[in-house]
Amino acid sequence: MNVIPSVNLSDFISNDPVKKQQFVKEIGKAYEDIGFVALKGHFLDDALVENLYSEVKNFFDLPLETKQKYEIPGIGGQRGYVSFGKESAKGKKEGDLKEFWHFGQYVENNPKLEAEYPKNVEVEELPQFNVVGKEAYKMLEKTAKYVLRALALHLKLEETYFDDYIHNGNSILRPIHYPPITQEPKEAVRAAAHGDINLITLLMGAQGRGLQVQNHKGEWLDAIAEPDELMINVGDMLSRHTNNKLKSTIHRVINPPKELWGTSRYSIPFFMHPISDMKLDVLEGCIDKNNPKAFDDITAGEFLTERLIELGLIKK
């Protein structure tokens with residue numbers, strides 16, 4: 001496959017069973033073939049997107065010493081600010097050319113999970129930053145819920161199979177700033193080739209060239225969304241749970257051509273995680289004689305911890 005397929009979520013949530021089934025078929029095939037789709041019909045309206053980008057830019061424009069007030073030690077970067085070059089891709093020693101922020105789950109009626117997750121960090125200089133961040137988080141989480149319902153049907157599971165696992169899940173909204181490049185990077189890129197850890201990722205800000213996806217032949221394809229589209233890809237947790245039936249695709253963010261080095265790039269991925277207790281054991285329906293069970297049993301929480309150590313965000 002050499003293009004990223006486009007699908008419309010409004011087909012799935014319509015009352016038309018034919019459109020709904022066609023959406024399930026199209027997204028299922030895309031995730032088996034390349035692991036990415038461009039999605040229209042999501043729950044983010046234009047005003048919310050505009051407000052979010054405005055607040056994100058305001059935050060990253062703050063002086064470094066102000067931003068560093070919100071860098072919280074001891075939590076593996078799971079909430080608040082993570083400064084430039086701190087994160088590297090698995091197997092890479094060079095830090096990525098980015099700084100970012102993490103909004104986490106707004107737990108409802110679950111004291112155990114409230115105690116488990118770090119608290120969200122309030123930016124006192126920007127009263128609307130956390131308000132808009134929370135609204136975007138909720139709309140992306142709602143979009144992800146319906147995408148996972150479609151994938152459950154594709155996998156011949158109950159439509160609501162994932163619902164209880166993602167309610168109050170350990171999901172992350174990550175506004176990223178790739179600052180202007182001021183000198184020739186030796187090895188570093190804006191985001192080195194990697195697969196995501198989680199179930200699925202919903203990406204805002206893939207409208208300009210930069211994001212690239214690797215197909216099964218090892219070729220890099222530009223993944224450029226239309227203005228009203230999110231890029232949504234399968235993460236390693238879902239790939240593992242489905243015995244690689246649904247593909248977690250390697251992707252990267254390349255450095256711009258030299259004439260654009262002086263420009264910033266912003267992107268905002270939402271990493272849909274389940275609750276830590278979810279078993280990622282390979283689904284029985286994804287095992288057959290041609291596809292024997294490829295992964296050991298593990299929980300989502302155990303898998304996340306392993307990967308954060310590999311990324312350098314948690315020190316052993």
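Guide: Helices are DSSP runs of H or I with at least four residues, strands are runs of E with at least two, and both are numbered from the N terminus. This is a predicted model: local features need pLDDT of at least 70, side-chain atom pairs count only at pLDDT 80 or more, and totals for chains, interfaces and linings use all residues. Residues are numbered from 1 along each chain as its sequence is written, and side-chain values use heavy atoms, without hydrogens and water.

Visitor: Which helix gives the largest share of the lining of the second largest cavity?

Guide: Helix 9 (residues 300-310), with three residues. The full lining is N170, M237, H273, P274, I275, S276, A300, G301 and L304.

Visitor: What makes a space a cavity?

Guide: On a 1 Å grid over the protein atoms alone, a 1.4 Å probe must fit at the points but be unable to get out; lining residues have an atom within 4 Å of a point. By this rule there are two cavities of 30 Å³ or more. The second largest holds about 40 Å³. That volume is the space filled by probe spheres set on the points, which are joined across faces, edges and corners.

Visitor: How many residues in that lining are nonpolar, polar or charged?

Guide: Five are nonpolar, four polar and none charged. Ala, Val, Leu, Ile, Met, Phe, Trp, Tyr, Cys and Pro count as nonpolar, Asp, Glu, Lys and Arg as charged, and the others, Gly among them, as polar.

Visitor: Why is S267 called buried?

Guide: Buried means under 20% relative accessible area, exposed over 50%, and partly exposed in between (1.4 Å probe, protein chains only). S267 has 5%, so S267 is buried. This residue lies in strand 13 (residues 265-272). Beyond four places in sequence, S267 is in contact (heavy atoms within 4.5 Å) with R174, P175, I176, Y178, L203, M204 and G205.

Visitor: Why is V24 buried?

Guide: Its relative accessible area is 3%, so V24 falls under the 20% limit. V24 sits in helix 2 (residues 17-33). Leaving out residues up to four places away, V24 touches F12, A150, L153 and H154. The C-alpha atoms of V24 and F12 are 7.5 Å apart.

Visitor: What does A193 count as?

Guide: Partly exposed, because its 38% lies between the two limits. A193 is in strand 7 (residues 191-194). R252 is 59 residues away in sequence, yet 4.4 Å away C-alpha to C-alpha.

Visitor: Why is N109 called exposed?

Guide: At 79%, N109 is over the 50% limit, so the label is exposed. N109 belongs to the loop between strand 4 (99-102) and helix 5 (111-116). Its phi is positive, about 55 degrees, although N109 is not a glycine. Most residues other than glycine have a negative phi.

Visitor: Which residues touch the most other members of the largest nonpolar core?

Guide: F59, W101 and I200, in a core of 68 residues. Helix 6 gives the most to this core, with 12 residues. A nonpolar core is a set of buried Ala, Val, Leu, Ile, Met, Phe, Trp, Tyr and Cys residues joined through side-chain atoms within 4.5 Å.

Visitor: What span does helix 6 reach from its first C-alpha to its last?

Guide: Helix 6 (residues 129-154) reaches 37 Å, close to the expected 38 Å for its 26 residues. The expected span is 1.5 Å times one less than the number of residues. Just after helix 6, K156 takes a positive phi of about 65 degrees.

Notes. On a 1 Å grid over the protein atoms alone, a cavity is a set of points where a 1.4 Å probe fits but cannot get out, and a pocket is an open set with protein on both sides within 12 Å along at least five of seven lines; lining residues have an atom within 4 Å of a point.
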